[in-house]
Amino acid sequence: GGCPVINREKWAANLWVWNAPRGGFPGAPVNKHVVDKNRAAGKSPDQDLQKKASFTNAGSDEGTRNAKLYFQDTFWGELGHNSPQLNVNTYEGHQWNVKVGDDIIKTFVIDKKPTQNYVI
């Protein structure tokens with residue numbers, strides 16, 4: 001943002017600051033009052049909603065040699081032939097796209113299963 005680049009390159013960094021405990025991360029603090037209140041209302045804690053998904057390229061389709069994984073439109077990692085498996089923590093309804101160049105070649109939508117494995 002802000003100032004134009006006048007010479008060579010520009011560096012920037014984001015720092016996110018939260019004003020309350022943020023659930024869903026290992027070691028994150030837990031607000032016991034909120035957890036008890038949600039359980040009493042029949043809601044399950046966030047960690048019960050979190051899913052684990054893995055994405056692998058089998059290498060059997062030449063068209064996926066240079067594939068990349070995106071969470072919606074945000075680049076997540078290389079998913080080409082010989083790329084390591086990508087493992088993510090995600091939630092039901094999240095959309096993961098596999099792109100080659102600018103083209104989406106496959107879309108995966110996370111379902112209710114706690115662990116999901118996707119192969120292209």
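This is a short tour of the strands, aromatic rings and core of the structure above.

Before you start clicking, note that this is a predicted model, in which local features need pLDDT of at least 70 and side-chain atom pairs count only at pLDDT 80 or more, while totals for chains, interfaces and linings use all residues. Residues are numbered from 1 along each chain as its sequence is written, and side-chain values use heavy atoms, with hydrogens and water left out.

**Stop 1: the sheet**

Show the cartoon and find the open sheet of four strands, which runs in the order E3-E2-E5-E6 with antiparallel pairing. Strands (E, at least two residues) are DSSP runs numbered from the N terminus, and two of them pair if DSSP finds at least two bridges between them. At the edges are E3 and E6 (103-109), each pairing on one side only. On average, neighbouring strands of this sheet are turned by 30 degrees against each other, direction ignored; the axes behind that angle are lines fitted to C-alpha atoms.

Now select E2 and E3, which pair in the antiparallel sense over four bridges. Here Lys68 stands opposite Glu78 in E3. Next, take E5 and E6, an antiparallel pair with six bridges. Val98 has Lys106 in E6 as its bridge partner. Follow these two strands to their hairpin: two residues lie between them, and Gly101 takes a positive phi near 65 degrees.

**Stop 2: Trp96 and its ring partners**

Select Trp96 and show its side chain. At 2% relative accessibility, Trp96 counts as buried (under 20% relative accessible area; exposed is over 50% and partly exposed in between, with a 1.4 Å probe and protein chains only). Leaving aside neighbours within four places in sequence, its contacts include Leu69, Val88, Thr90 and Ile110, where contact means heavy atoms within 4.5 Å.

How many aromatic pairs does a search of the whole structure find? There are seven. Rings of Phe, Tyr and Trp (its six-membered ring) pair if their centres lie within 6.5 Å; planes under 30 degrees apart are stacked, over 60 edge-to-face and the rest tilted. Add Phe71: with Trp96 it makes a tilted pair, 5.0 Å centre to centre and 55 degrees between the planes. This pair links distant parts of the chain, with Phe71 in E2 (residues 68-71) and Trp96 in E5 (residues 95-100), 25 residues apart.

Then add Trp76. Its ring centre is 5.1 Å from that of Trp96 and the planes are at 90 degrees, so this pair is edge-to-face. Trp76, at 43% relative accessibility, counts as partly exposed.

**Stop 3: the wider cluster and Tyr118**

Extend the selection to Phe55, Phe71, Trp76, Trp96, Phe108 and Tyr118, which ring pairs link into a cluster. Zoom in on Tyr118, in strand E7 (residues 115-119). Tyr118 is buried, with a relative accessible area of 14%. Measuring C-alpha to C-alpha, you should find Tyr118 and Phe108 7.9 Å apart, with their positions 10 residues apart in sequence.

**Stop 4: the core**

Finally, look at the largest nonpolar core, which has 14 residues; Phe55, Leu69, Leu79, Trp96 and Val98 have the most contacts inside it. Such a core is a set of buried Ala, Val, Leu, Ile, Met, Phe, Trp, Tyr and Cys residues joined through side-chain atoms within 4.5 Å. Colour E1 (50-56), E2, E4 (86-91) and E5 to see the elements that give two or more residues to this core.

Definitions and conventions: Axes fitted to C-alpha atoms, helices over the stretch in contact; angles between N-to-C directions.
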